[in-house]
Amino acid sequence: MTDSQAVPPPPTPSSPYLPRQARIFVAGHRGLVGSAVVRRLTAEGHEVITRDRAALDLRDAAGTAAFLADVRPDAVVLAAAKVGGILANSTQPVPFLEDNLRIQLSVIAGAHAAGVARLLFLGSSCIYPKHAPQPIREDALLTGPLEPTNEPYALAKIAGICQVQSYRRQYGAAYISAMPTNLYGPGDNFDLETSHVLPALVRRFHEAREAGRDEVTLWGSGTPRREFLHVDDLADACLTLLAGYDGDAPVNVGCGEDLTIRELAETVADVTGFTGRIAWDTGKPDGTPRKLLDVSKLTGLGWRPRVPLRDGIAATYAWWLARREGEGPADRP
Ligand SMILES: NC(=O)C1=CN([C@@H]2O[C@H](COP(=O)(O)OP(=O)(O)OC[C@H]3O[C@@H](n4cnc5c(N)ncnc54)[C@H](OP(=O)(O)O)[C@@H]3O)[C@@H](O)[C@H]2O)C=CC1
Ligand SMILES: C[C@H]1O[C@H](OP(=O)(O)OP(=O)(O)OC[C@H]2O[C@@H](n3cnc4c(=O)[nH]c(N)nc43)[C@H](O)[C@@H]2O)[C@@H](O)[C@@H](O)C1=O
């Protein structure tokens with residue numbers, strides 16, 4: 001059990017930006033982030049509106065605008081996106097660029113046309129330059145070249161920030177952007193080809209132990225540093241921002257600490273009970289060397305991360321095992 005499950009976060013005070021009775025459309029509600037945001041908003045007593053992708057493809061601007069005009073939510077959380085780890089980003093640049101641009105255009109423009117007063121757009125820490133000074137402040141945006149493995153995705157996200165800022169500037173819309181670091185938790189993608197590193201490691205070590213293998217090969221050199229935030233902490237941050245932030249600049253969301261991929265691997269091996277050797281396939285990309293976020297803007301609003309990394313990994317491992325036993329293959333559709 002994670003800390004956040006054991007002790008519920010304090011209720012967010014009712015705010016002019018997000019009244020207690022606000023009806024909120026969460027785009028991407030089946031994903032890692034969207035499902036956590038739905039849990040958190042529901043716990044706060046909000047009415048949450050969702051649509052499955054089969055009923056509404058958010059790349060369809062006309063369909064999305066019609067849906068939003070019909071439902072008229074008070075607020076939108078845009079957590080729908082084409083998302084994946086370093087390999088998926090490298091091998092599928094077209095949907096990482098185009099799907100994300102199209103989803104953002106549909107949802108943000110559709111929300112404004114429907115009179116939606118409040119919107120939170122989720123970007124990613126990969127928007128910052130590859131060699132940005134660490135920890136990375138929000139004003140590092142557009143100060144240098146991007147990391148090539150996820151440049152199409154990063155450019156789509158930068159366009160999303162600019163779109164939000166443009167609606168603020170031209171129409172005075174109270175739309176805002178958050179830039180989360182690498183996330184993990186229940187609801188994550190455990191497909192080894194498309195996932196991020198943390199769920200991939202959980203699965204690799206578990207399956208190696210189960211099969212009695214004494215070596216696991218991971219990607220890259222193990223030297224890049226990453227910051228990992230539990231998705232329940234991210235959901236709390238989304239509430240903090242929706243209730244208390246109305247600025248032009250995106251706001252970083254991270255835990256303020258990072259570690260090497262090798263250190264992460266050792267922790268995950270320990271949690272999953274794998275005692276064999278860890279090998280590194282240096283033919284696979286490392287990606288950006290480091291992307292630790294400066295989170296002083298968010299902590300200045302009173303938010304704090306609550307889930308320690310090791311506890312969060314153990315809870316995520318338990319979630320994946322339970323889901324696997326209950327529902328067959330752990331991969332998402
Ligand atoms: N995971 C991470 O480490 C990080 C994530 N983020 C950001 O957080 C947000 C959410 O990411 P995350 O939850 O991890 O991603 P997931 O892949 O877990 O979830 C994405 C969601 O978007 C939905 N979606 C994708 N395309 C469409 C579409 N065309 N129409 C309708 N729905 C669609 C998916 O639907 P379906 O379930 O049907 O596939 C899914 O529910 C993204 O903006 C991402 O950039 C930022 C930093 C790190
Ligand atoms: C959130 C962020 O996520 C992506 O960036 P990333 O942080 O580089 O992504 P990642 O989690 O996939 O990898 C982190 C590190 O881990 C190493 N690594 C080792 N072994 C495995 C492994 O088995 N799988 C994966 N995926 N990585 C591995 C891997 O080589 C890399 O050095 C962006 O594309 C973009 O989508 C984005 O915004």
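Which residues is phenylalanine 274 in contact with, leaving aside its neighbours within four places in sequence? I started the notebook there, keeping in mind that this is a predicted model.

**Entry 1: Phe274**

I found phenylalanine 274 in the loop between helix H9 (261-272) and strand S12 (277-281). Leaving aside neighbours within four places in sequence, I get contacts with Phe205, Ala208, Arg209, Arg213, Asp214, Glu215, Val216 and Ala269. I looked up the accessibility next: phenylalanine 274 comes out at 7% relative accessibility, so I log it as buried, the cut-off being under 20%. I also checked one C-alpha pair. Phenylalanine 274 and arginine 204 are 70 residues apart along the chain, yet their C-alpha atoms are separated by 9.5 Å.

**Entry 2: helix H7**

Phe205 and Ala208 turned up among the contacts of phenylalanine 274, and both are on the list of buried residues in H7. The rest of that buried list is Leu198, Pro199, Ala200, Leu201, Val202, Arg203, Arg204 and His206. I noted that two arginines, Arg203 and Arg204, are on it.

Does the length of H7 come out short, long or as expected? Helix H7 covers residues 197-211, and at 1.5 Å a residue its 15 residues should span 21 Å. The end C-alpha atoms are 21 Å apart, so the span agrees with expectation. Right after H7 comes glycine 212, with a positive phi near 75°.

**Entry 3: Tyr153**

I went to tyrosine 153 next because the unreviewed UniProt entry annotates Tyr153 as "active site". Tyrosine 153 lies in helix H6, residues 151-171. Is tyrosine 153 buried or exposed? At 9% relative accessibility, it counts as buried. Its contacts, leaving aside neighbours within four places in sequence, are Lys82, Val83, Asn89, Phe96, Asn100, Ser124 and Cys126.

**Entry 4: H5 against H6**

Two of those contacts, Phe96 and Asn100, are also among the H5 residues that meet H6. I pulled up the pair: helix H5 (residues 93-113) and H6 pack at an angle of about 15°, with their axes 8 Å apart. That makes H5 roughly parallel to H6, since the angle is under 35 degrees. I logged the crossing as right-handed. On the H5 side the meeting residues include Pro93, Leu97, Leu101, Gln104 and Ile108. On the H6 side they include Pro152, Tyr153, Ala156, Gly160, Gln163 and Tyr167.

**Entry 5: backbone oddities**

I then went through the backbone. Glutamine 134 and proline 135 are joined by a cis peptide bond, with omega about -10°. Proline 135 is in the loop between strand S4 (118-122) and H6. Leucine 142 is placed in the loop between S4 and H6 as well, and its phi is near 65°, positive in a residue other than glycine. With a relative accessible area of 65%, leucine 142 is exposed.

Arginine 72 also has a positive phi, about 45°, although it is not a glycine. I located arginine 72 in the loop between helix H3 (61-71) and strand S3 (75-78). Its relative accessible area is 48%, so I put it down as partly exposed.

**Entry 6: Leu183**

Last lookup: leucine 183, in strand S6 (residues 182-184). At 15% relative accessibility, leucine 183 counts as buried. Not counting residues up to four places away in sequence, leucine 183 touches Leu32, Val33, Asp188, Leu229 and Leu234. For one of these, valine 33, I looked up the C-alpha separation from leucine 183: 8.3 Å, for residues 150 apart along the chain.

Conventions:
Residues are numbered from 1 along each chain as its sequence is written. Chains are lettered from A and ligands numbered from 1 in the order in which they are written. This is a predicted model: local features need pLDDT of at least 70, side-chain atom pairs count only at pLDDT 80 or more; totals for chains, interfaces and linings use all residues. Side-chain values use heavy atoms; hydrogens and water are left out. Helices (H or I, at least four residues) and strands (E, at least two) are DSSP runs, numbered from the N terminus. The expected span of a helix is 1.5 Å times one less than its number of residues. Buried means under 20% relative accessible area, exposed over 50%, partly exposed in between (1.4 Å probe, protein chains only). Contact means heavy atoms within 4.5 Å. Axes are lines fitted to C-alpha atoms, for helices over the stretch in contact, and angles run from 0 to 180 degrees between N-to-C directions. Angles under 35 degrees count as roughly parallel, over 145 as roughly antiparallel, 65 to 115 as roughly perpendicular and the rest as oblique. A crossing is left-handed if the near helix is turned anticlockwise from the far one by less than a right angle, and right-handed if clockwise.
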